[in-house]
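Work through the exercises below with the sequence and the coordinates at hand. Try each task before reading its solution.

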Amino acid sequence: MVIESVERLECIRSLKCRECGREYPPIKIYACEDCFGPLEVAYNYDFIELDRKSFQDRPKTVWRYSELLPVHHRTKIVDLGAGYTILHRCDRLAKTFGLRKLYIKDDTVNPTYSFKDRPATVAVSKALEFGAKAVGCASTGNLAAATAAHAAKVGLPCYVFVPSDIELNKILQTTIYGARIVAVKGNYDDANRLAAQASEAYDWAFVNINIRPYYVEGSKTLAFEICEQLGWRAPDRLIVPMASGALLCAIWRGLKEFQRLDLVDDLKTKIAGAQPTGCAPISNAFKANSLDVKPIEHPSTISKSLAIGDPGDGFYALRAIRESGGVAESVTDFEILDAIQLLAKTEGIFAEPAGGVTVAVLKKLVELGEISPDEEVVCCVTGNGFKAAETLMNCIAKPFEIEPTLESLVKIVR
Ligand SMILES: *Cc1c(COP(=O)(O)O)cnc(C)c1O
Ligand SMILES: [Zn+2]
């Protein structure tokens with residue numbers, strides 16, 4: 001019943017230019033004709049009737065928030081079950097950091113093992129609604145797998161553009177789903193440039209290029225879920241990883257939407273943006289007290305999913321961080337590896353390096369006194385450790401190999 005009424009509502013009002021505010025009908029465009037600013041989805045909030053009870057009988061996926069997602073037709077939704085991931089209360093990890101209340105939002109358990117299933121389910125659904133004959137994306141690896149899986153579900157051909165040095169498991173995963181991988185000799189920015197050219201040359205829906213305004217909406221659900229799972233409350237502090245900065249912007253927008261719809265009361269959340277030191281253009285700009293993001297020409301970090309040297313949403317991410325009263329910080333590969341192991345050993349959660357980045361940044365911000373022990377903190381862990389198995393294999397202890405006798409066992413048991 002709820003669903004039918006949603007279908008009749010035109011929840012999307014327009015696509016609106018983030019710079020000059022010009023509005024466009026919600027079609028397959030992504031940049032403003034007047035000022036080339038990025039477009040974003042504007043909703044008819046006055047028509048959206050949601051209260052906390054509305055969610056009681058809804059699916060446990062991102063589609064429980066369908067009024068706030070830019071897809072009109074239920075029948076076009078491509079749903080592999082992304083979202084509604086667990087928010088773990090993490091007392092053991094909290095104790096090692098000296099915090100009172102810490103949660104991990106565990107997006108390692110999405111259908112393709114990263115948070116990218118959130119924007120991918122929305123983007124591929126929208127591509128279907130637009131009647132696209134194929135989908136594509138530029139990716140540091142996780143979006144490739146997420147787009148490929150959702151495209152497979154509806155039989156759409158899928159072309160992904162990735163830097164040629166991404167992790168083997170991400171290649172494996174994406175190939176298994178049947179996508180065509182274009183491994184570009186160069187870094188993410190090179191792959192992204194080529195994908196942008198391809199989006200002009202071919203009539204495909206490129207999820208993070210020509211249908212980007214719709215794609216980014218999916219990531220808001222991370223913020224929605226955190227609030228809902230905390231009992232309709234926004235946390236004091238949120239640690240968010242940054243590559244292009246799109247996720248952080250989406251989360252900030254999501255929090256503000258929930259406040260606007262009275263689903264949370266006061267919004268006091270300070271957002272901390274987290275990057276690896278080997279590719280930290282946004283965090284560098286924050287520390288230089290600048291809104292001018294200087295591209296990193298040669299990113300170098302084990303956190304490959306965050307290796308975007310020229311972040312498209314860097315400026316907007318900085319603005320969101322400042323608006324929230326938060327900070328940006330970066331951590332070294334060594335700190336990242338340490339944090340991955342600490343998270344795994346204290347809480348049983350196995351994260352890829354991007355998850356190590358947020359946990360390590362949290363640790364650093366507590367040590368620096370930026371985060372106080374009394375804050376309620378939520379740390380986003382956005383990708384699964386198996387994604388980066390070859391990187392992590394080098395830093396673990398080898399298993400004991402023994403003869404199958406009790407005598408040999410006794411020698412190694414401490
Ligand atoms: C893509 C990605 C991010 C953040 O990406 P943005 O480009 O900033 O939206 C964070 N973590 C993982 C694991 C990712 O794959
Ligand atoms: Zn404009």
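**Exercise 1: The zinc site**

In this predicted model, the zinc ion (ligand 2) has the protein donors Cys17 (SG), Cys20 (SG), Cys32 (SG) and Cys35 (SG), which lie 2.3 to 2.4 Å from it. Task: which arrangement do the 4 donor atoms around the zinc ion (ligand 2) make, and how are the donor residues spaced in sequence?

Solution.

1. Take the angles. The 4 donor atoms subtend 95 to 120° around the zinc ion (ligand 2).
2. Apply the cut-off. Four donors count as tetrahedral if all angles lie between 85 and 135 degrees. The arrangement is therefore tetrahedral.
3. Read the spacing. The donor residues follow the pattern C-x2-C-x11-C-x2-C.
4. Place two of the donors. Cys17 belongs to strand β1 (residues 12–17), and Cys35 to the loop between β2 (23–24) and β3 (39–43), so this pair ties together parts 18 residues apart in sequence.

**Exercise 2: Accessibility in the zinc region**

Task: classify Cys17, Cys35 and Phe36 as buried, partly exposed or exposed.

Solution.

1. Set the limits. Buried means under 20% relative accessible area, and exposed means over 50%.
2. Cys17 has 3% relative accessibility, so Cys17 is buried.
3. Cys35 has 32%, so Cys35 is partly exposed.
4. Phe36 has a relative accessible area of 69%, so Phe36 is exposed.
5. Add the backbone. Phe36 sits in the loop between β2 and β3. Its phi is near 65°, a positive value in a residue other than glycine.

**Exercise 3: Parallel strands and their crossovers**

Task: trace the chain from β6 to β7 and on to β8, and give the handedness of each β-α-β unit.

Solution.

1. Start with the first pair. Strand β6 (residues 135–138) runs parallel to β7, and 4 bridges join them. Ala138 has Phe161 in β7 as its bridge partner.
2. Find the connection. Helix α4 (residues 142–154) joins β6 and β7 in a β-α-β unit, and the unit is right-handed.
3. Move to the next pair. β7 and strand β8 (residues 180–184) are parallel too, with 5 bridges between them. Here Val160 is opposite Ile181 in β8.
4. Follow the crossover. From β7 the chain passes through helix α5 (residues 168–176) to β8, and this crossover is right-handed.
5. Check the burial of β7. Strand β7 (residues 158–163) has 5 of its 6 residues buried, so β7 is largely enclosed by the rest of the structure.

**Exercise 4: The open sheet**

Task: in what order do the 6 strands of the open sheet lie, and which are the edge strands?

Solution.

1. Write the order. The 6 strands run β4-β5-β13-β10-β11-β12, with mixed pairing.
2. Mark the edges. β4 (87–89) and β12 (327–331) are the edge strands, since each pairs on one side only.
3. Add the twist. From one strand to the next it averages 25°.
4. Inspect the β4 end. β4 and β5 are antiparallel, with 3 bridges. His88 is opposite Ile104 in β5.
5. Step inward. β5 pairs in the parallel sense with strand β13 (residues 376–381) over 6 bridges. One facing pair is Tyr103 and Val378 in β13.
6. Test the burial of β5. In strand β5 (residues 101–106), 5 of the 6 residues are buried, so β5 is largely enclosed by the rest of the structure.
7. Go to the β12 end. Strand β11 (residues 270–276) runs parallel to β12, joined by 5 bridges. Ala274 is opposite Glu329 in β12.
8. Place the helix. Helix α11 (residues 314–324) packs on the sheet and touches β11 and β12. Its direction makes about 140° with that of β11.

**Exercise 5: Two further positions**

Task: where is Tyr113, and how far is Asp91 from Glu347 in sequence and in space?

Solution.

1. Tyr113 is in the loop between β5 and α3 (117–129). Its phi is near 75°, a positive value in a residue other than glycine.
2. Tyr113 has a relative accessible area of 40%, so Tyr113 is partly exposed.
3. Asp91 is in helix α2 (residues 91–97). Its relative accessible area is 44%, so Asp91 is partly exposed.
4. Asp91 and Glu347 are 256 residues apart in sequence, and 8.4 Å apart in space, C-alpha to C-alpha.

Definitions and conventions. Residues are numbered from 1 along each chain as its sequence is written. Chains are lettered from A and ligands numbered from 1 in the order in which they are written. This is a predicted model: local features need pLDDT of at least 70, side-chain atom pairs count only at pLDDT 80 or more; totals for chains, interfaces and linings use all residues. Side-chain values use heavy atoms; hydrogens and water are left out. Donors are N, O and S atoms within 2.8 Å of the metal (3.2 Å for Na, K and Ca); water is not among the atoms, so sites may look incomplete. Four donors count as tetrahedral if all angles lie between 85 and 135 degrees; four count as square planar and six as octahedral if opposite donors are over 155 degrees apart and all others between 65 and 115; anything else is irregular. Helices (H or I, at least four residues) and strands (E, at least two) are DSSP runs, numbered from the N terminus. Buried means under 20% relative accessible area, exposed over 50%, partly exposed in between (1.4 Å probe, protein chains only). Two strands pair if DSSP finds at least two bridges between them. A crossover is right-handed if, with the strands pointing away from the viewer, the path from the first strand over the helix to the second runs clockwise. Axes are lines fitted to C-alpha atoms, for helices over the stretch in contact, and angles run from 0 to 180 degrees between N-to-C directions. Contact means heavy atoms within 4.5 Å.
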